[in-house]
Amino acid sequence: MRKNTGNPSTFTSLKWFNFFLYGTMVLFTSFFQLYLQDVGINKLEIGVLMSIGPLVSVLANPFWGIWTGRYQNNRGVVLLMLAGTLVFSQIIFQANTYETVYTAIILFYFCQTPLFAQSNTLVLSYIEGTPLRFGSFRLFGSLGWALTAIAAGPVIQYGGVSVLPYLFAVLLGLSIVSLAAMPKLRSSIGPAPLPLRGFGLLFRNPYFLFFIFFGMLVAIPNTINNTFMSLYINDMGGSKTMIGLAVFLSSILEAGVFMLCKRYLRRKISVLTGWLALVSVLFVLRWWLMSQATLPLEVAFIQILHSITFGGFFYVGTELTMLLIPAPYRSCGQALYTLSWGGISGMIGGILGGWLFQYLGAQSMYEFCVFLSLIGALGYGGMWLFVNRGGYRHTSAIHDELEEGSV
């Protein structure tokens with residue numbers, strides 16, 4: 001099969017596609033909650049609605065992956081997903097009954113949640129056989145996320161949350177146009193096969209299970225903050241511009257954190273476990289500061305810690321998964337790590353955070369986040385001590401057990 005080739009305009013369109021796609025999604029993750037509250041939905045119901053996404057993604061990701069592999073047309077599948085996202089988002093914004101909202105948001109998430117994974121595969125397919133690096137295209141996505149957030153804030157402040165459907169439609173339409181302007185792929189990187197068999201074997205690795213468990217304790221508060229931070233600022237009397245600033249500050253340094261981690265962190269289990277403990281402590285500090293904040297501007301500047309905490313945790317966690325899991329099962333391990341961080345923790349965080357915010361208030365919600373993150377930090381600290389005292393067996397020993405279990 002021929003390798004993909006392209007002229008500079010093709011790759012420029014691909015960068016703008018990433019920019020507009022990530023810009024569209026930041027509108028949904030950061031401002032959609034304000035729209036729901038404006039139409040009379042309380043915080044618990046908002047949490048339930050936002051938690052549907054991680055649940056739907058468990059089915060949506062393999063569904064779209066199978067169709068991509070069957071037809072070898074990643075560009076066409078992504079265009080279909082974008083069209084579905086656009087249609088169902090507008091149905092959500094026009095819905096006037098709870099039943100319609102819930103039905104439309106399930107269909108919306110079915111098209112939207114796999115978009116990031118599919119778009120990454122799309123970029124890799126277009127640049128295959130070229131000297132171009134994935135990072136430069138991903139950087140445009142990060143810029144789209146940050147710049148759209150800070151630009152949309154004043155627009156929504158001036159026009160009200162009723163302009164959100166139009167902003168969403170315009171940006172999503174631009175991402176569709178950018179992708180449609182690119183030539184068809186001559187070859188496509190297919191999705192990795194679903195590693196169902198390996199999931200059962202991973203449960204025989206206690207170190208990995210503890211890593212996943214403590215990670216969920218740290219991830220749940222992160223989901224709570226992502227879901228309710230904009231409502232927290234709004235309840236303080238902060239403007240939509242302030243919400244946009246908070247999201248901008250939370251994401252603008254993320255690429256730099258990834259680069260520093262890649263350059264300076266040693267790929268050693270004892271080192272990475274220690275860094276997870278340290279990052280978890282920073283999460284504790286972050287949620288304590290959020291619980292004590294009294295001004296919207298304070299909340300906005302606290303979000304600078306997001307790039308360090310989330311960026312550091314996710315990078316280190318990905319690297320540690322590679323070391324804890326034997327090579328034949330690493331795709332399984334990464335899938336379980338992603339599922340626990342974004343899927344299970346996302347569902348729990350949305351519902352739990354909504355209940356806490358609705359009935360106990362924002363301060364109690366963030367104090368509970370401090371409690372969960374502290375347990376996670378202590379757990380990782382204990383793992384670090386255990387590893388440094390020689391209690392950890394090398395991956396090869398676990399690999400032998402896994403091999404015996406697979407016979």
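Me: Happy to look at this one with you! pLDDT is the predictor's confidence in each residue, from 0 to 100. What is the mean pLDDT of the protein?

Reply: This is a predicted model, and the mean pLDDT of the protein is 84. Of its residues, 87% reach 70 or more.

Me: Thanks! Which elements have the lowest and the highest mean pLDDT?

Reply: The lowest mean belongs to helix α17 (residues 395-406), at 51. At the other end, helix α13 (residues 296-302) has the highest, at 95. Where pLDDT is low, the predicted coordinates should not be read in detail.

Me: Good to keep in mind. Now the helix pairs: what makes α2 oblique to α4?

Reply: Helix α2 (residues 43-71) and helix α4 (residues 98-112) pack at about 40°, and their axes are 7 Å apart. An angle under 35 degrees would count as roughly parallel, and 65 to 115 as roughly perpendicular. The value of about 40° falls in neither range, so α2 is oblique to α4. The crossing of this pair, α2 and α4, is right-handed.

Me: Which residues of α2 and α4 meet?

Reply: From α2 the list includes Val48, Leu49, Ile52, Val56, Leu59, Phe63 and Trp64. Among their partners in α4 are Tyr98, Val101, Tyr102, Ile105, Ile106, Tyr109 and Phe110. By class, the contact of α2 with α4 has 17 nonpolar residues, one polar and one charged.

Me: Let's zoom in on Ile52, then. Why is Ile52 called buried?

Reply: Ile52 has a relative accessible area of 13%. Buried means under 20%, so Ile52 is buried. Ile52 is found in helix α2 and touches Tyr102, Ile105, Ile106 and Tyr109, leaving aside residues up to four places away in sequence.

Me: How many residues apart along the chain are Ile52 and Gly343?

Reply: Ile52 and Gly343 are 291 residues apart along the chain, while their C-alpha atoms are separated by 9.6 Å.

Me: And Thr148: how do you know whether Thr148 is buried or exposed?

Reply: The same kind of check works here. The relative accessible area of Thr148 is 10%; the cut-off for buried is under 20%, so Thr148 counts as buried. Thr148 lies in helix α6 (residues 134-159). Not counting residues up to four places away in sequence, Thr148 touches Gly23, Val26, Leu27, Leu143 and Leu171.

Me: Back to helix pairs. What angle do α9 and α10 make, and why is α9 called oblique to α10?

Reply: Helix α9 (residues 206-235) and helix α10 (residues 240-251) pack at about 140°, with axes 9 Å apart. Roughly antiparallel needs an angle over 145, and roughly perpendicular runs from 65 to 115. About 140° fits neither, so α9 is oblique to α10. The crossing of α9 and α10 is right-handed.

Me: Which residues make that contact between α9 and α10?

Reply: Met229, Ser230, Ile233 and Asn234 in α9 meet Lys240, Met242, Ile243, Ala246 and Val247 in α10. These divide into six nonpolar, two polar and one charged.

Me: One last pair: what makes α11 and α14 oblique to each other?

Reply: The axes of helix α11 (residues 254-264) and helix α14 (residues 304-324) cross at roughly 45° and come within 9 Å. Roughly parallel requires under 35 degrees, and roughly perpendicular 65 to 115, so α11 and α14 are oblique. α11 passes α14 in a right-handed crossing. Among the residues that meet are Val257, Phe258 and Cys261 in α11, and Ile308, Phe310 and Tyr315 in α14. The contact of α11 with α14 has six nonpolar, four polar and two charged residues.

Definitions and conventions:
Residues numbered from 1 in each chain as written. Predicted model: local features only at pLDDT ≥ 70, side-chain atom pairs only at ≥ 80, totals over all residues. Heavy atoms only, no water. Axes fitted to C-alpha atoms, helices over the stretch in contact; angles between N-to-C directions. Helix = DSSP H or I, 4+ residues; strand = E, 2+ residues; numbered from the N terminus. Left-handed = near helix turned anticlockwise from the far one by under 90°. Contact = heavy atoms within 4.5 Å. Nonpolar A, V, L, I, M, F, W, Y, C, P; charged D, E, K, R; others polar. Buried < 20%, exposed > 50% of the residue type's maximum accessible area, 1.4 Å probe, protein only.
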